[in-house]
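This report works through a model of two chains, beginning with a single residue and widening to the fold around it and to the contact between the chains. The sequence and the structure come first.

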Amino acid sequence: MTEVAGTKEIKTRIQSVQETKKITNAMYLIASTKLRRARLELEHTRPYFKALRHEIKRIFRTANDVDSRYFYPIDNDTPREGTYGCLVITADKGLAGSYNQNAIRRAQELLERHPDTKLFVVGEYGRRFFTQRNIPIERSFLYTAQNPTMARAREIGAQLVDGFDRGELKEIFIIYTDMASAMSFEARSVRLLPFHRTYFDTPAGEQAVTEPFEFFPSVRAVLDNMIPSYVSGYIYSALIDSFCCEQNARMTAMDSANQNAEELLGELSLKYNRVRQSAITQEITEVSAGARAQRQRKE
Amino acid sequence: METFQVHILAADKTFYEGPCVSMTVPTSDGELGILARHSSMIAAVQPGTLRYQVPGEEPRRAAISPGMVKVEHNDVLVLVDSVERPEEIDAVRAQREIDESREVLLQKRSRQEHQIAQATMARALNRLRVKNMGIGR
């Protein structure tokens, strides 16, 4: 036998792999519980968000000559000059496959295209990433990635809209991870403000406005009231969406870690048994050889 | 009395969906009453008290935050950030929020913080008001 490692070494190795597996397994379970809860929350927000978008769209089409700072001017929808604001949603922790990297890559793409961009970062991972590379962060929101709430989203949204209202931020982007289906997700970069006029144009076949609406007090006032809600609503659903993806990514990562551990344990226990067996064989050979030698001397 | 359909949607839940006899919404121009067959309109909702009456029941009230209300074909849609029933409101928490935001307002903080504190305070005051009205009834 050419085994070098002794039984003791292999045994400690097996133990350490088992310990790690316990941790990854626990993380898997925690992630799956969190995912279930977050998904439920996502389901709760969907109707509101869908209705809000739908209504803005319809208001916009009823009165599409409305001039609002939240829309691009009617005949000019080239990107604006000046400082952009970008909200990047990452996780607080790593160990979630490529989840964080994808979101950060999107942010870097945006920074390359438009270097004059202020970053607003959600999540500890993103904050650390950008600080390490000396990329200035305008504001980071800690402890938000773990527990997305409407109040938090409102706070973030208020800051972004405030910057936009004062003209400090000309355009606002949000980078989050969208769950396309249960198994696949992708990092997305979406412009929140200003809106494209075409953005709210709808495919044919939607319920048309049959009677004109009366607006109280005015179209602009209604829109001004709705846009901040829309922004905070978007941020809220983006936070939850990202959180779901994070947990999902972590589940997948931990699941494959568990599988790897299983495989490793299988290999190690095979090795352990082999070494043990060969040790026993050797001992028996030695004992019987010794006995034979004794017998021969007596004769 | 004739009824109409209402959908009251908050960002985190669907608050109420069903028939309704009458409804009062706080808007920037004052309280707006809605009965069946109201003409089509869209209005900006201000933080305040929402009152609505489900057929055969006592009028209910709820604290609402800014948003919009839309009336179209006897169908009313209320879209707001949050809606809370009086019994859901935690008076102690609301009072604490009021105190905290008052403190922030007293200190000369940045404009942004000032605005956020003001908005928080308005919401908390509104919640407390709705809560206390609910008890007095």
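In this predicted model, Met254(A) is in contact with Thr24(A), Met27(A), Tyr28(A) and Ala31(A), once its neighbours within four places in sequence are left aside. Met254(A) itself belongs to helix α5 of chain A, and it counts as buried because 24 C-beta neighbours lie inside 10 Å, where 20 or more are required. Arg53(A), by contrast, stands 201 residues away from Met254(A) along the chain, and the C-alpha atoms of the two are separated by 36 Å.

Taken as a whole, chain A holds five helices and six strands, which follow one another along the sequence in the pattern α-β-α-β-α-β-α-β-β-β-α. Of its 299 residues, 34% are buried. Among the contacts in chain A that link residues at least 6 apart in sequence, 79% join residues at least 24 apart.

Five of the strands of chain A form an open sheet with mixed pairing, in the order β3-β2-β1-β4-β5. Its edges are β3(A), residues 139–141, and β5(A), residues 185–193, each of which pairs on one side only, and from one strand to the next the twist averages 20°. Strand β4(A), residues 171–179, pairs with β5(A) in the antiparallel sense over eight bridges; within this part of the sheet, Met179(A) stands opposite Phe185(A) of β5(A). Helix α3(A), residues 124–132, packs on the sheet, where it touches β1(A), β2(A) and β3(A), and its direction makes about 140° with that of β2(A). Helix α5(A), residues 219–298, lies across β1(A), β2(A), β4(A) and β5(A), and runs at about 35° to β4(A).

Helix α2(A), residues 99–113, can be followed in more detail: its 15 residues reach 22 Å from the first C-alpha to the last, close to the 21 Å expected at 1.5 Å a residue. The buried residues in α2(A) are Tyr99(A), Asn100(A), Ala103(A), Ile104(A), Arg106(A) and Ala107(A). Seen down the helix axis, the buried residues of α2(A) fall within an arc of 150°, and therefore they line one face of the helix. On the other side of α2(A), Glu112(A) and Arg113(A) are exposed. The cover over the buried residues of α2(A) includes β1, β2, α3, β4, β5 and α5 of chain A, so that elements of the sheet and helices that pack on it both take part.

What does chain A present to chain B, by class of residue? In the contact between the chains, 28 residues of chain A meet 27 residues of chain B. The elements of chain A that give two or more residues to this side are α1 (7–62), α4 (150–165), β6 (214–216) and α5, and the classes of its residues are set out below.

| Class, side of chain A that touches chain B | Count |
|---|---|
| Nonpolar | 15 residues |
| Polar | seven residues |
| Charged | six residues |

Pairing of strands also links the two chains, since β6(A) and strand β5 of chain B, residues 41–45, pair in the parallel sense over three bridges. There, Phe215(A) stands opposite Ile42(B) in β5(B).

Notes
Residues are numbered from 1 along each chain as its sequence is written. Chains are lettered from A and ligands numbered from 1 in the order in which they are written. This is a predicted model: local features need pLDDT of at least 70, side-chain atom pairs count only at pLDDT 80 or more; totals for chains, interfaces and linings use all residues. Two strands pair if DSSP finds at least two bridges between them. Helices (H or I, at least four residues) and strands (E, at least two) are DSSP runs, numbered from the N terminus. Axes are lines fitted to C-alpha atoms, for helices over the stretch in contact, and angles run from 0 to 180 degrees between N-to-C directions. Two residues are in contact if their C-beta atoms, placed from the backbone, lie within 7 Å. The expected span of a helix is 1.5 Å times one less than its number of residues. A residue is buried if 20 or more other C-beta atoms lie within 10 Å of its own, exposed if 12 or fewer, and partly exposed in between; C-beta atoms are placed from the backbone. The arc is that of the directions from the helix axis to the C-beta atoms. Ala, Val, Leu, Ile, Met, Phe, Trp, Tyr, Cys and Pro count as nonpolar, Asp, Glu, Lys and Arg as charged, and the others, Gly among them, as polar.
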